[in-house]
Amino acid sequence: MDYQQLRSNMLFKGLSEEELRDCLKVLSGRVCRFEKDTVILRAGDPAECMGLVLSGSVTVESNDVWGSRTILSHVGPGGFFAETFAFLHDSVLLVDVAANEDCEILFLSIGTLRNLSENVNWRLKLISNLLMISMHKNKALSARSFHTAPKTIRARVLSYLNTVSLQEHSTEFDIPFDRQQLADYLNVERTALSKELGKMRADGILHFHRNHFRLISIPEETP
């Protein structure tokens, strides 16, 4: 395990290598590998551990009994999932977590923090870091709500792509979703999304190839 790389992660910010080693031991840290499309955590299961993505990526999804899927977030290297459920340790998961590609995950029994002595020198640092992570996750979920609020597909696409453009400081970028995943994330039908993207390209608003986009102009009025 690359301790130096882990220490640069937001979760372990401020921990010395000795503290990190002790932390991983106390929280029963273990690394697992998953192939693409594997369901890593399933809704309804007890939330025993949080996950830290070391390589690859995962999607956090809501799948109902009628087969509808909504992608809530994409988690890449250095990102986290299930931390709130695992910390509370008294509820079941309400979402599925699936491997978006072959990935490597570090699992941590984060609920153990609640029972540790106040004298454990890294405990307060880790809890503080978890709070910051939770705030970032809440911001990401708020962003998705913002993207799915518009009534038209075009407005939803423009909202999402504009946010990515601002985050990347560029009008040309890759998005982490394939076409079906983008449709699920924006809560629209894939066929309708593909049709609207084609119209937007014809209107000179953007160019795209697979998950690579280049924004050209924004219309004065969003349909």
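Valine 60 has valine 97 of strand β7 as its bridge partner. This pairing belongs to a predicted model, and the report starts from strand β7 before turning to the helices, the nonpolar cores and one loop residue.

**Strand β7 and its partners**

Strand β7 covers residues 96–99. Strand β4 (residues 58–63) pairs with β7 in the antiparallel sense over 4 bridges. Strand β2 (residues 39–41) also runs antiparallel to β7, and 2 bridges join them. The table sets out these pairings.

| Strand paired with β7 | Residues | Sense | Bridges | A bridge pair |
|---|---|---|---|---|
| β4 | 58–63 | antiparallel | 4 bridges | valine 60 with valine 97 |
| β2 | 39–41 | antiparallel | 2 bridges | valine 39 with alanine 98 |

In a regular strand, side chains alternate between the two faces of the sheet. In β7, Asp96 and Ala98 point one way, whereas Val97 and Ala99 point the other way. All four of these residues are buried.

**Helices α5 and α6**

Two packed helices are described by the angle and the distance between their axes. For helix α5 (residues 153–168) and helix α6 (residues 179–186), the axes come within 11 Å and cross at roughly 105°. The crossing angle therefore makes α5 roughly perpendicular to α6. On the α5 side, Arg156, Val157 and Tyr160 take part in the meeting, and on the α6 side Leu182, Tyr185 and Leu186 do so. By class, this contact has 5 nonpolar residues, 1 charged residue and no polar residues.

**The nonpolar cores**

In soluble globular proteins, nonpolar side chains tend to be buried together. The largest nonpolar core here has 22 residues, of which Tyr160, Leu161 and Ile175 touch the most other members. Two or more residues each come from α5, α6, α7 (190–202), β10 (206–209) and β11 (212–215). Helix α5 gives the most to this core, with 5 residues.

Tyrosine 160 is in contact with His147, Ile175, Pro176, Phe177, Leu182, Tyr185 and Leu186, leaving aside neighbours within four places in sequence. Apart from the largest core lies another core, of 21 residues, including Leu6, Phe80, Leu106 and Ile133.

**Serine 28**

Serine 28 is found in the loop between α2 (17–26) and β1 (30–34). Serine 28 counts as partly exposed because its relative accessibility is 42%, and partly exposed residues lie between the limits of 20% and 50%. Not counting residues up to four places away in sequence, serine 28 touches Phe107 and Ser109. The C-alpha atoms of serine 28 and isoleucine 110 are separated by 8.8 Å, although these residues are 82 residues apart along the chain.

Key:
Residues are numbered from 1 along each chain as its sequence is written. This is a predicted model: local features need pLDDT of at least 70, side-chain atom pairs count only at pLDDT 80 or more; totals for chains, interfaces and linings use all residues. Side-chain values use heavy atoms; hydrogens and water are left out. Buried means under 20% relative accessible area, exposed over 50%, partly exposed in between (1.4 Å probe, protein chains only). Contact means heavy atoms within 4.5 Å. Axes are lines fitted to C-alpha atoms, for helices over the stretch in contact, and angles run from 0 to 180 degrees between N-to-C directions. Angles under 35 degrees count as roughly parallel, over 145 as roughly antiparallel, 65 to 115 as roughly perpendicular and the rest as oblique. Ala, Val, Leu, Ile, Met, Phe, Trp, Tyr, Cys and Pro count as nonpolar, Asp, Glu, Lys and Arg as charged, and the others, Gly among them, as polar. Two strands pair if DSSP finds at least two bridges between them. A nonpolar core is a set of buried Ala, Val, Leu, Ile, Met, Phe, Trp, Tyr and Cys residues joined through side-chain atoms within 4.5 Å.
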